[in-house]
Amino acid sequence: MAHYLARRLIIAIPSLLGISIVLFTVLALAPGDPFEELASNPAVPPEVRASLRAQFGLDDPIYARYLHWLLAMLQGDWGFSFASRVNTDTLILQRLPTTLFVIGSAQVLALIIALPVGVYAATRPYSVFDQIANTLAFVGFSLPTFFTGLLFILVFSIYLDWLPFVYSDVTATGWRWYWEHIRQALMPIAVLGLFQGASMTRYVRSSVLDMIRLDHVTTARSKGLAEGTVVVKHVVRNAMIPVVTLVALQMPIVFGGAIVTEQIFRIPGIGSLLISAILANDTPVIMAVTFVFACLVILFNLIADVLYGWLDPRIAYR
Amino acid sequence: MNEQELRGLIEDVQVGRLSRRGFINRMVGLGLAVPLAGQMLAHAGVALAQTKFDYKPTKRGGGGALKLLWWQGATLLNPHFAVGTKDQEGSRIFYEPLAGWDGEGNLVPVLAAEIPSVEDGTLAKDGMSVTWKLKKDVTWHDGKPFTADDCVFTWEYARDPATATYTVSTYGDVDVEKVDSHTVRVKFKKPTPFWADAFVGTRGMIIPKHLFEAYKGAASRDAPTNLKPVGTGPYKFADFKPGDMVRGEINPNYHEPNKPYFDSIEMKGGGDAVSAARAVIQTGEYDYAWNMQVEDEILQRLEKGGKGHAVITQGGNIEYIAVNFTDPWTEVDGERSSLKTKHPLLSDPAVRQALALLVDRKSVQDHVYGRTGVATGNFVNNPERFKSKNTKWEFSIDKANQVLEAAGWLKGSDGIRAKDGKKLKFVFQTSINAPRQKTQQIIKQACQKAGIDLELKSITASVFFSSDVANPDTYTKFYCDIEMYTTTMVQPDPEQFMLQFLTVEVATKENKWQGRNITRWRNPEYDKAFQAAQGELDPVKRAALFIKMNDMVCNDWAVIPVVYRPRVAAISSRLRARMSGWDNDLWALKDWYREA
């Protein structure tokens, strides 16, 4: 096991290096300049732009900039945002709690919906409940989040005037703080949670359906076990193996935020940081955020593989 | 309009035949900025009727929270690093200049005790210096007194090339000296008619010496105060998350009585303009939203809800079509649109005149921009130009046909005019932006009727407005026949603005297309007039020179103005805010209050 882990981690290093080279080159070749606004402003002399470019090392050749970035990264320096003149890690850490709260809650909501609905629908395939759940699930993952987001805003903020649609800092104290937080987070969490929940329901259902027909379930039933025990202990437990993998692979998304939804509700998360950095050509921030995503994807892939083996002892690490 | 006529008009104002506002409107009609018009009147001794703002609250604070929505959030809070308006506005909550510009183009003292004038002797007659008297008993948010030393330091800080401030051009060419603890003198190297640049408006915010002293030059980026501003403004710093949120709380020691009204302020960033308009006008979740780049049709629909409305402020932005005087289709020394070439079709003035006649500005205003873009033809040659705002431009397909016909451009079998085998076919480029594409269509249709074939090209804004030397589609390279975009007057004075027609400013390969002259129009007479205006101290003579320059550009159809683009903001019906198109939106934040 330890041997396997060590090998996987060592393999991860060249892939991360490769990813960083590709990211860095693509960003360096992309059009645009972080100090672009300076160029179109007649009141700013070109020398200021030239001196800023020199100060931030933008005039060096790409490989020199890459090596510089890599060395800094190895020492834990994530770079310095051109637009805000702040260290990139400060920016990311500022945004992380909101992202974790909103996207994390959405994932939890998705699981809370998907597990019972998926399992119940699978134990009674083609019943009325199954048909309805299926239809709703299809509708759910066919509608993109930007559409449902706008729909929710129209209905709950504009016509009914129940919920605010701008996610902002809560200044209230005491219980009102929690209340305000819940109110403003309700819509984005529901939008993302329902979307995720819909596809996950389908996944849980098919996974349980595969399992429920197997011989060991029939054996359990014929032993005279209660139906509930059969489902929970013999079906769901086994059916969860692929589901757990799926959830683990979705964890990087939790950190990455949901770019579109964050933009619609003005949630100050990682996704909106990335989008504004891209619009401002703030390459160090883009680089840091995308690289963190890459690391997370690799890490959670590894975790998923390890979990898989733990859940299913038939799988051996070699 | 020449100098005598201008003086006549000023006399009319003096004896009351013409209202101050009427005079200013006429000057705007001539393409002069409002502040310059105000300056002319002030010079003639016409009292500056300062726009009265009725500030009703009788005590400081008690107004609750003021919630502002900026769909692009402030990313930094050092006014001298703030290039975009979003950052300037964020900084303006905390920092103040000596004086600001109001909507009529008057200077209004903020940290200055009074506005310098020739009568007081604070404004040198020879235009070589200006003396500012500072308000006493002003303190920084941390309790330290505000003195002349802070002004002198701001100048030292901003002019240092190693600091790389965006205001370096304002402070680089002047000298600032301390006269006494509350007086500073700005000295110029040559007679300077436009003296109100350093320490004024968007580029004039004063920073505290005691907090920035250690962070001048290359160390500037490490200053903790960059992110935690300490200013003299009506609100003190509370919290800042770049790109997302700026929060401030009331400054209990603010230097004006009974101000500010609100207990706290929050400036939320992110999202898009349409939903920001919704949050203010329709749901009332926010009090004010900046820069409503939203179609007027949508704004009007939202306004029916009634919780707020759009405020439109006249400024100096103009959407116009630039005409290429060089040949974009021939490459000379690795450069197209080179100065060594001449445009085969557009060098004929008749063609340019016809193009100007074919821009249906009224349709563009009515069907595309509405209140957010007012048809203008300030520069179009028309004898009736000074009589009424509406007759200054003309749209006439017939007349365009006549002009082309007379110049020998005759229609071929395909309906496209040609002369000497050269067909009137142009590529017309602009950035991707729905109103611009609609405007392109309107112009193309009119051109078709006059036998001109326009090929429309749209380029992503991030490429079109970039300074990427390798990309052929930037607006400065101008590798096409005509192009359309908005040009912004970043200063209330037209000098910087008029730079864009100087011969030395032509964008070429040599200067990496950083020159400001995009049309590549050149005229030695214009260059001479510009030089004269730079040193002309009499505001009337100077204005006459600027009008002359305007006329030269326009009578030659080097540019075809389309619409004025005023600033549009969304504001709650109960909020009272003092707006100005010549300064930041938050220039008079101290005066904002909410009607009960």
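**Two chains and two domains, question by question**

Trainee: How much area is buried between chain B and chain A?
Mentor: Buried area here is the accessible area (1.4 Å probe) that two parts lose on being put together, summed over both. Carbon and sulfur atoms give 52% of what is buried between chain B and chain A. The area itself is about 3900 Å².

Trainee: Which three residues supply 16% of the area that chain B buries against chain A?
Mentor: No other three residues supply more of what chain B buries against chain A. Those behind the 16% are B:Tyr166, B:Arg221 and B:Arg516.

Trainee: Before we go on, what pLDDT do side-chain atom pairs need to count?
Mentor: Residues are numbered from 1 along each chain as its sequence is written, chains are lettered from A and ligands numbered from 1 in the order in which they are written, and side-chain values use heavy atoms, with hydrogens and water left out. This is a predicted model, so totals for chains, interfaces and linings use all residues, local features need pLDDT of at least 70, and side-chain atom pairs count only at pLDDT 80 or more.

Trainee: How many residues of chain B are in contact with chain A?
Mentor: Contact means heavy atoms within 4.5 Å. Chain A puts in 43 residues. On the chain B side, the number is 53.

Trainee: Which residue forms a salt bridge with A:Asp161?
Mentor: A salt bridge needs a side-chain nitrogen of Lys or Arg within 4 Å of a carboxyl oxygen of Asp or Glu. The rule finds one across the interface of chain B and chain A. Its closest N and O atoms are 3.6 Å apart, and the partner of A:Asp161 is B:Lys307.

Trainee: Which element gives the most to the side of chain B that touches chain A?
Mentor: Helices (H or I, at least four residues) and strands (E, at least two) are DSSP runs, numbered from the N terminus. Elements of chain B that each supply at least two residues include helix H6 (168–172), strand E7 (235–241) and helix H8 (273–282). With five residues, the one that gives the most is H8(B).

Trainee: Now chain A: how far apart are the centres of domain 1 and domain 2?
Mentor: The bounds, from an automatic or database domain assignment, are 2–74 for domain 1 and 96–311 for domain 2. Taken over C-alpha atoms, the centres are separated by 33 Å.

Trainee: Which three residues supply 35% of the area that domain 1 of chain A buries against domain 2 of chain A?
Mentor: About 1400 Å² is buried between these domains, 79% of it from carbon and sulfur atoms. The trio from domain 1 is A:Arg8, A:Leu16 and A:Leu27.

Trainee: Which residue meets A:Arg8 in a salt bridge?
Mentor: The rule finds one salt bridge across the interface of domain 1 and domain 2 of chain A. The N to O distance is 2.5 Å, and the residue that A:Arg8 meets is A:Asp305.

Trainee: Back to chain B: which strands stand at the edges of the sheet with E14, E15 and E16?
Mentor: Strands pair if DSSP finds at least two bridges between them, and this open sheet has the order E14-E15-E16 (chain B) with antiparallel pairing. Each edge strand has a single partner, so one side of each is left without a neighbour in the sheet: these are E14 (410–411) and E16 (422–423) of chain B.

Trainee: Which residue in E15(B) stands opposite B:Leu410?
Mentor: Two bridges join E14(B) to E15 (residues 417–419) of chain B. Opposite B:Leu410 stands B:Ala418.
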